[in-house]
Amino acid sequence: MSDDHRWMERAIELARQCPVVEGAFSVGAVIVVGGAEIASGYSRETDPKVHAEKAALDKLAADDPRLKRATIYTTLEPCSERATKTRLPCTERVLAAEIPRVVIAWREPSTFVDDCVGVEKLQQAGVEVIELPELADVAMSMNRHLDLS
């Protein structure tokens with residue numbers, strides 16, 4: 001099993017811990033540097049509106065130098081917009097943290113946002129984005145209560 005698969009499976013385990021909510025995805029995220037987990041989080045872990053990437057990033061100092069060498073594994077494409085404009089989208093959080101590599105299991109469907117462009121924004125900023133479509137079904141499994149079209 002590749003390291004990417006192993007860490008994504010850890011993110012999937014975290015996504016299973018999310019309180020289920022009708023109007024939100026259940027997502028897990030793990031931040032890894034040099035083969036070691038430095039932070040993790042999941043949707044609604046600390047706040048009913050917190051996303052997994054923010055939950056993980058909030059456990060580190062914003063200027064933690066390890067972030068510039070990190071990979072963030074997130075079960076769902078980082079959001080490119082939020083319903084509440086006062087909350088920063090996860091794509092912007094990843095870019096602000098200067099994380100150079102993002103691994104996702106599936107892209108955000110048009111359930112809540114017509115056209116999520118998280119992957120495109122990250123790539124345009126020079127971030128390496130890896131997709132693991134072979135893990136998409138299991139990463140989506142805790143979201144079956146939503147319209148995933």
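## The second largest pocket

Sort the lining of the second largest pocket by class and you get seven nonpolar residues, three charged ones and no polar ones. Keep in mind that this is a predicted model. The residues that line this pocket are Lys54, Leu57, Asp58, Leu60, Ala61, Ala62, Leu67, Arg93, Ala96 and Ala97. Together they surround a space of about 160 Å³.

Which helices supply at least two residues each to this lining? That would be helix H2, covering 52-57, and helix H3, covering 90-97. H3 gives the largest share, with three residues.

## Strand E1 and its partners

Now over to strand E1, which spans residues 28-33. Is this strand mostly covered or mostly open? Mostly covered: six of its six residues are buried. Gly28, Val30 and Val32 point one way, while Ala29, Ile31 and Val33 point the other way. Both sets are buried, whichever way they point.

E1 pairs with strand E2 (residues 36-42) through six bridges, and the two run antiparallel. Valine 30 of E1 sits opposite serine 40 in E2. The hairpin made by E1 and E2 has two residues between the strands, and glycine 34 there takes a positive phi near 55°.

E1 also pairs with strand E3, this time through four bridges, and again the pair is antiparallel. Here valine 30 turns up once more, standing opposite tyrosine 73 of E3. So if you click on valine 30, look for serine 40 in E2 and tyrosine 73 in E3.

## Threonine 71 in strand E3

Strand E3 runs over residues 71-76, and threonine 71 is part of it. Why does threonine 71 count as buried? Its relative accessibility is 10%, and the cut-off for buried is under 20%.

What does the side chain of threonine 71 make a polar contact with? The partner is the side chain of arginine 101, at 3.5 Å. Setting aside neighbours within four places in sequence, threonine 71 is in contact with Val30, Ile31, Val32, Ile99, Arg101 and Val103. Arg101 is therefore on the contact list as well as being the polar partner, given that contact means heavy atoms within 4.5 Å.

Three names on that list, Val30, Ile31 and Val32, take you back to E1. Val30 and Val32 point one way from that strand and Ile31 the other.

Notes. Residues numbered from 1 in each chain as written. Predicted model: local features only at pLDDT ≥ 70, side-chain atom pairs only at ≥ 80, totals over all residues. Heavy atoms only, no water. Buried < 20%, exposed > 50% of the residue type's maximum accessible area, 1.4 Å probe, protein only. Polar contact = N/O pair within 3.5 Å; in protein donor to acceptor, adjacent residues only side chain to side chain. Pairing = 2+ DSSP bridges. 1 Å grid on protein atoms, 1.4 Å probe; cavity = no way out; pocket = protein on both sides within 12 Å on 5 of 7 lines; lining within 4 Å. Points joined across faces, edges and corners; volume = space filled by probe spheres on them. Nonpolar A, V, L, I, M, F, W, Y, C, P; charged D, E, K, R; others polar.
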